[in-house]
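Work through the exercises below with the model open. Try each task before reading its solution.

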Amino acid sequence: MKLELSKRSAPSIVMTYLSPLIGLSLALVAGAIMFMFLGKPPLQALYAYFIEPISELWSVHELLIKAAPLILMGAGLCVCYQSNNWNIGAEGQMIIGGMAGSALPVMFPEFSGPLVLPLMIVFGMLGGMLYAAIPALLKTRFKTNEILTSLMLVYVAQMILDWTVRGPWRNPEGLNFPETRRFDAFARIPEMLPADGRANFGFIIAIVVAILIWVLMSKTLKGFQVKVIGASPRAAKFAGFDAKHMVFFAFMLAGATAGLAGTIEVAGATGQLLPTISPGYGFTAIIVAFLGRLNPIGAIVAGLVLALTFLGGEAAQITIGVSDKAARVFQGLILFFVLACDTLILYRVRLIFGDKTAAKGAA
Amino acid sequence: MGLTEAILLTIATAATPLLLAAIGELVVERSGVLNLGVEGMMIMGAVGGFGAAALTGNPWIGVIAAVAFGALTSLAFAFLTLSLAANQVATGLALTILGLGLSGLLGEPFIGKAGVKLPSLDLPFLTDIPLIGPLIFGQDPIFYVSIALIFGVTWFLFRTRHGLTLRSIGDNHVSAHALGIPVLRYRYLAVMFGGACAGLAGGHLSLVYTPQWVENMSAGRGWIALALVVFASWRPARVLAGAYLFGAVSIGQLHAQALGVAIPSQFLTALPYLATIIVLVLISQNIRMTLINTPAMLGRAFVPDR
């Protein structure tokens with residue numbers, strides 16, 4: 001028995017939309033099998049993961065908090081991956097962005113007023129952009145592989161954050177805990193419906209940014225250039241598109257979204273800077289981008305789905321005692337099956353039984 | 001044992017997992033496949049090796065399990081990228097995410113458990129020779145495997161027919177296919193060899209380097225191994241040099257931390273990652289060298305026509 005691929009004459013439109021759904025379903029089946037091996041009732045576990053968290057209002061609020069950074073970075077990474085810039089360092093860009101966004105309330109706590117939050121957001125985006133510009137610069141100037149440099153910078157960013165929070169930025173009134181001072185109300189993103197839950201306007205910002213990136217990608221010349229450079233660098237060269245400029249554009253756009261995500265995280269949910277900003281949102285955003293078909297609108301849906309895996313992981317740990325590590329496995333499975341199903345877009349897949357000559361005769 | 005000896009020994013211990021993972025990936029990339037999942041395969045090898053050794057009490061069974069876990073993990077990558085022609089970069093990332101998650105889940109019962117350490121070689125008299133004795137005759141068994149693999153892979157790639165075939169596939173899979181070479185079969189075997197090596201590297205981490213299970217204990221070594229392959233411009237002997245250079249950097253920063261150098265420990269910990277970036281920048285300067293040795297088909301999917 002073997003698999004045989006035959007190229008379709010044109011990419012299947014149906015499969016473009018169907019393949020993430022098939023992939024997601026297969027990941028659920030694989031997840032159910034995983035729960036069986038862990039000795040947990042699979043259906044109950046899936047319920048705890050994917051239904052329970054959205055059956056209560058406060059919990060939906062938590063979902064939106066987790067979805068905001070995923071949607072932002074997922075949408076930003078769409079631009080990177082569509083233009084063939086393999087930025088896998090969004091996690092680091094988010095950390096540096098979160099730090100840059102915190103600089104104002106941590107270093108100048110006496111500076112207060114309605115200007116604080118907008119400035120924090122600008123600083124946060126600039127921080128993420130600048131950090132993302134490093135792999136872009138190394139790629140364009142020295143032809144250094146951006147996959148490796150952007151990833152290495154994640155580890156460096158984690159160390160910078162750790163040092164800063166334990167060292168110069170530690171809360172002077174904080175009993176030596178590794179955390180900065182708490183931000184005052186002007187430095188916080190307000191909650192949307194404080195009566196019902198904690199969700200803040202960061203989610204709205206994320207949706208707006210994702211839509212803006214979608215407009216950029218589908219309605220502007222810039223978006224067209226991104227796609228051409230990604231699909232065919234040679235054609236882009238003949239058209240006179242500047243590939244080096246595009247590397248910077250894609251990286252810095254993704255860096256800005258990551259910096260914004262970091263700022264929303266510190267100014268929204270936590271309200272201070274801690275030694276860890278993110279439980280791996282920057283890496284999960286890679287899954288978001290692919291599950292969302294490298295389309296910023298798709299990233300909104302995919303961001304909500306993956307936020308659910310984070311939330312479900314926490315819920316399932318409490319209700320049925322599944323390790324929260326299972327959530328990471330789920331996320332990996334989702335990306336795996338989605339990528340596998342993407343084959344259906346470009347190829348027809350046939351299973352061939354018996355030897356090759358017999359199959360040819362049958363065909 | 002003097003301090004110099006101790007430092008040299010620990011450099012070898014730190015370099016061995018990098019060397020193993022990099023030499024495996026080198027063979028994979030020579031066949032034209034880019035597997036970015038080294039980190040995932042390595043951590044699966046680490047948890048498999050630790051688990052098997054802890055359950056049976058036999059570190060050798062741990063070593064075998066580490067190799068098997070690495071190879072099996074790589075099979076998932078091979079199926080997607082070779083049989084289904086999926087994007088190699090994305091699938092490699094998926095393998096890393098999945099490996100880190102799955103190893104965390106599988107390793108949960110082993111957190112805080114005492115590990116089983118693979119004993120070092122101890123030859124009577126020979127190991128007692130000052131300085132070179134422990135360095136040459138007193139290392140852990142996986143160290144010798146890693147050195148043997150450098151010679152073995154060099155011989156295989158450049159002195160055997162199969163090695164030549166493998167390299168030709170990496171340089172032009174369409175021509176190789178036209179000549180009747182089973183491209184995908186070679187690539188499957190290459191990917192599994194890379195997985196086995198990464199798994200063994202993980203086993204070295206959890207059975208020799210620090211015989212315990214810690215989540216994410218590979219700490220980016222899989223990525224550094226990937227960088228080493230680029231650094232070595234796909235030549236096995238240079239992988240050896242690169243791995244020991246990085247081993248020296250990471251041991252150097254540990255000693256600097258222990259001595260209380262007036263640099264924050266976080267910056268010293270970040271040093272190997274920064275060194276990777278700097279080395280990559282320097283090596284990318286030599287474009288001629290890179291062009292000659294880079295497998296032309298690296299990262300490109302191949303679908304055989306009928």
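**Exercise 1. Overall form of chain B**

What radius of gyration would a compact globule with 306 residues have, and what does chain B have? This is a predicted model. Then describe the fold content and packing of chain B.

*Solution.*
- Step 1. Start from the length. A compact globule of 306 residues would have a radius of gyration near 19 Å. Chain B has 19 Å, so it agrees with that expectation.
- Step 2. Take the extents. Along the principal axes, the C-alpha atoms of chain B fill a box of roughly 60 × 45 × 45 Å.
- Step 3. List the elements. Chain B has 13 helices and zero strands. Along the sequence the pattern reads α-α-α-α-α-α-α-α-α-α-α-α-α.
- Step 4. Check burial. Of the 306 residues in chain B, 53% count as buried.
- Step 5. Check contact range. Take contacts in chain B between residues at least 6 apart in sequence: 79% of these join residues at least 24 apart.

**Exercise 2. The two domains of chain A**

Give the domain division of chain A, then describe the side of domain 1 that touches domain 2.

*Solution.*
- Step 1. Set the bounds. Domain 1 of chain A covers 1-38 + 330-363, and domain 2 covers 49-322.
- Step 2. Place the centres. Over C-alpha atoms, the centres of domain 1 and domain 2 of chain A are separated by 31 Å.
- Step 3. Count the contacts. In chain A, 10 residues of domain 1 are in contact with eight residues of domain 2.
- Step 4. Find the contributing elements. On the domain 1 side, helix 1 (13-37) and helix 13 (325-346) of chain A are the elements that give two or more residues. Helix 13 of chain A gives the most, with six residues.
- Step 5. Classify the residues. This side of domain 1 of chain A has eight nonpolar residues, two polar and no charged.

**Exercise 3. Two positive phi values**

Locate A:Lys143 and B:Asn216, and state how exposed each is.

*Solution.*
- Step 1. Read the backbone angle. A:Lys143 has phi near 55°, a positive value in a residue other than glycine. B:Asn216 also has phi near 55°.
- Step 2. Place A:Lys143. This residue sits in the loop between helix 5 (116-142) and helix 6 (146-166) of chain A.
- Step 3. Place B:Asn216. Its loop runs between helix 9 (183-209) and helix 10 (221-231) of chain B.
- Step 4. Judge exposure. A:Lys143 has 15 other C-beta atoms within 10 Å, so it is partly exposed. B:Asn216 has 13 such atoms within 10 Å, so B:Asn216 is partly exposed.

Key:
Residues are numbered from 1 along each chain as its sequence is written. Chains are lettered from A and ligands numbered from 1 in the order in which they are written. This is a predicted model: local features need pLDDT of at least 70, side-chain atom pairs count only at pLDDT 80 or more; totals for chains, interfaces and linings use all residues. Helices (H or I, at least four residues) and strands (E, at least two) are DSSP runs, numbered from the N terminus. A residue is buried if 20 or more other C-beta atoms lie within 10 Å of its own, exposed if 12 or fewer, and partly exposed in between; C-beta atoms are placed from the backbone. The radius of gyration is taken over C-alpha atoms; the globule rule is 2.2 Å times the number of residues to the power 0.38. Two residues are in contact if their C-beta atoms, placed from the backbone, lie within 7 Å. Domain bounds come from an automatic or database domain assignment. Ala, Val, Leu, Ile, Met, Phe, Trp, Tyr, Cys and Pro count as nonpolar, Asp, Glu, Lys and Arg as charged, and the others, Gly among them, as polar.
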